[in-house]
Amino acid sequence: MATNSVDGQTQVEPKTALRMLNAQQQQFQQKVVKVADNVYVAVGFHGANTSMIVGDDGVIIIDTLKGPSSAAKAFEAFRKHSDKPVKAIIYTHSYGDHIGGASAFVEGETPDIYGTESFGSAEGVNKAVSTVKAKRNLRQFGRDLSALESTNRGVAPAMTADHDGGKGYLPPNVTVPNSGLKTTIAGVEIEFHIGPGETDDAMFIWLPKQQVLFAGDNFYSSFPNLYAIRGTAYRDVLSWSESVAKMAEFEPRVLVPGHTMPIRGKEQATTALKDYSEAIGSIYKQTVNGINAGKGPDQLAHAVKLPERLRDKPYLIEYYGTVPHAVRAIYSGLLGWYDGNPTTLSPLQPKIKAQKIAELAGGTKNLTSQMQAALEKGEFQWALELSDHLKWLDDADRKLARKVKIEALRGLAAREYNAPNRNYYVSYANELESGRLSELWF
C-alpha cells in the first residue's frame, strides 16, 4: 500500500483509508504475547505496552501503562504466567502512558524503580501553554469522539481507560547513569542503554541471554511521531535515528516496541530497526539539504519523501507520525519560524489579507462562490483555506463559511489513514458544529 499518495499527504480514497486503519488495529489487540521462555508482553491493555520478565525469585516489569486500573488488568493477565513478587520496575521514559500505573504492580512490596538521570524531561512543552495543549491533545487522540467516529490512534486503540491516569505513578529510586548500566535482577542479566529519541530521557533495555530488546517509544509499527500535532518542543531527530541504529547493532531475536506488537526473528527485528533508523535519517538529511538550498518549509513538506524501498514497510506507514509534519518540525527546530523569505518576515494580519484576497476574487460574493465550488469538487483543503479567509470579512456569510469548513474537515478526515490527522479533523468539526469554538474558530 503506497503512502504519500497525494503530493506528500496521507490522503487516499475513503474506503482505502478505513481499510488501512482497520488493518492497523491488529497491532494493538488485547493479548499477552510470550516472546521468550520467561518474557511476556501485554499489548492493548491501554495505549502502550507493559512487559514482565520472570526471574529466579521475582519478576521485572518494564513500563506500567497510564493508570492503575488498566495496569491491574494487565498484571492479572501476567499472573497466569507467574505469581512471583515484583522485584523491579523499569521506566523506558517518562511519558504518562508508560509510568502512571506502577502502584498496581507493587502488591505491598518495595521494588527498585529505575529511570534515567534526566528522567522527567519528556514532556517538552512549557507549562505556560498547557491550556491549549490539553485541547489539542483531545483532538489528536480523538478522546471526545463517539464510537462511530473513532477508528484508532495509530499505535493504540481508540478507547482507553484514562480516568485514573497518573494516579499510580511511583517515582524512580534507582538512577541509571548516562553511561548505562549492566546488572542482574532476580537472577536475570539485564542491560540499560541510554537512547534519546522521542524523549530526551529515553533508554532501551537489553536481555543478553534471551536476546530480547525493549525499545520504548523509539520504535513502534508506524512512521515515528517526529512531531506531535498536540504540540511538542523539538524532538532531536538525528539522535533518534542514531539511537535506533544503536539498537540494531544488538541484532535482537525479539523487538518489543513501546506500542504495537513485538517483532520476532533476528532478521526481521534487525531489519526493522535498520530501516527505521534509515527512514528517520533520510528525512532529516533531505530536509537539511533542502534548507541549505534555500527552500522553505512549505515547499519541503511536499517534496521530501521516504526512500522508495521503505515506503511500503508495514512499520513505516504513516499511521501515527507523518513525513510532512517531521519536515516542518526539523525546519523550525533548526532555524525557528522564519523561512528566510523577506515576504514572510512581516506578513499582513489575517483580516487585511482576507480583504485583499476578496478583492482579487472580485468581491466577497465571488470568494464565497469559489469556496463552495472547491467543496463541491472535493478540493477540501482549498475549501478550508478559503473559509478561513471569509471568517474575517464583515460582509461575509460566516455561518456558511463555518458550515463549509465543517464539511471540508469531514471530507479530509474520511480520506485520512493517519490517525492523529483524522481524529483532529473530526474533533475540530464537532467543536465547530457544537458552537464550542469562538467566532475566530481557534
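**Close-up 1. Helix α12, from end to end.** Helix α12 takes in residues 398-414, which makes 17 residues, and from its first C-alpha to its last it reaches 24 Å, close to the 24 Å expected at 1.5 Å a residue. Keep in mind while looking around that this is a predicted model. At the N-terminal end of α12 sits a cap, D397, with a side-chain oxygen 3.3 Å from the backbone nitrogen of K399. Further along, A401, R402, V404, K405, I406, A408, L409, G411, L412 and A413 of α12 are buried. What covers these buried residues? The cover includes α10 (364-376), α11 (380-390) and α13 (419-434).

**Close-up 2. The largest pocket.** Here we are looking at the largest pocket, with about 2000 Å³ of space in it. Its lining is made of 46 residues, and the closest to the centre are R328, Q381, L384, E385 and Y425. Which helices each supply at least two residues of this lining? They are α4, α7 (297-303), α8 (323-335), α11, α12 and α13. So α12 from the opening view turns up again here, as one of the helices that each give at least two residues to the lining. Sorted by class, the lining of the largest pocket has 19 nonpolar, 12 polar and 15 charged residues.

**Close-up 3. The second largest pocket.** The second largest pocket holds about 530 Å³ of space. Of the 25 residues that line it, K66, D97, N137, F141 and R143 lie nearest the centre. Two or more lining residues come from each of α3 (96-99) and α4. The largest share belongs to α4, with 5 residues. As for the mix, the lining of the second largest pocket counts 8 nonpolar, 7 polar and 10 charged residues.

**Close-up 4. A closed-off cavity.** How many cavities of 30 Å³ or more are there? The count comes to 1. The largest cavity has a volume of about 60 Å³. Around it you'll find N49, S51, I62, D63, T92, F214, A215, G216, V256, P257 and G258. Strands β11 (212-216) and β12 (254-257) each supply at least two of these lining residues, and β11 gives the largest share, with 3 residues. By class, the lining of the largest cavity splits into 5 nonpolar, 5 polar and 1 charged.

**Close-up 5. S221, tucked into a loop.** Follow the chain on from β11 and you come to S221, which lies in the loop between β11 and α5 (237-248). Is S221 buried or exposed? S221 counts as buried because its relative accessibility is 4%, under the 20% cut-off. Setting aside neighbours within four places in sequence, S221 is in contact with Q24, Q27, H259, T260, I263, P314 and Y315.

**Close-up 6. G154, another loop residue.** G154 belongs to the loop between α4 (130-141) and β7 (174-176). This glycine is buried, with a relative accessible area of 0%. Which residues does G154 touch, not counting those up to four places away in sequence? They are Q24, F28, Y319 and A419. Q24 may ring a bell, as S221 is in contact with Q24 too. H259, one of the contacts of S221, is also worth finding in this view: the C-alpha atoms of G154 and H259 are separated by 9.7 Å, although the two residues are 105 residues apart along the chain.

Note on methods. Residues are numbered from 1 along each chain as its sequence is written. This is a predicted model: local features need pLDDT of at least 70, side-chain atom pairs count only at pLDDT 80 or more; totals for chains, interfaces and linings use all residues. Side-chain values use heavy atoms; hydrogens and water are left out. On a 1 Å grid over the protein atoms alone, a cavity is a set of points where a 1.4 Å probe fits but cannot get out, and a pocket is an open set with protein on both sides within 12 Å along at least five of seven lines; lining residues have an atom within 4 Å of a point. Grid points are joined across faces, edges and corners, and a volume is the space filled by probe spheres set on the points. Helices (H or I, at least four residues) and strands (E, at least two) are DSSP runs, numbered from the N terminus. Ala, Val, Leu, Ile, Met, Phe, Trp, Tyr, Cys and Pro count as nonpolar, Asp, Glu, Lys and Arg as charged, and the others, Gly among them, as polar. The expected span of a helix is 1.5 Å times one less than its number of residues. Buried means under 20% relative accessible area, exposed over 50%, partly exposed in between (1.4 Å probe, protein chains only). Contact means heavy atoms within 4.5 Å. A polar contact is a pair of N or O atoms within 3.5 Å; within protein, one must be able to donate a hydrogen and the other to accept it, and residues adjacent in sequence count only if both atoms are side-chain atoms.
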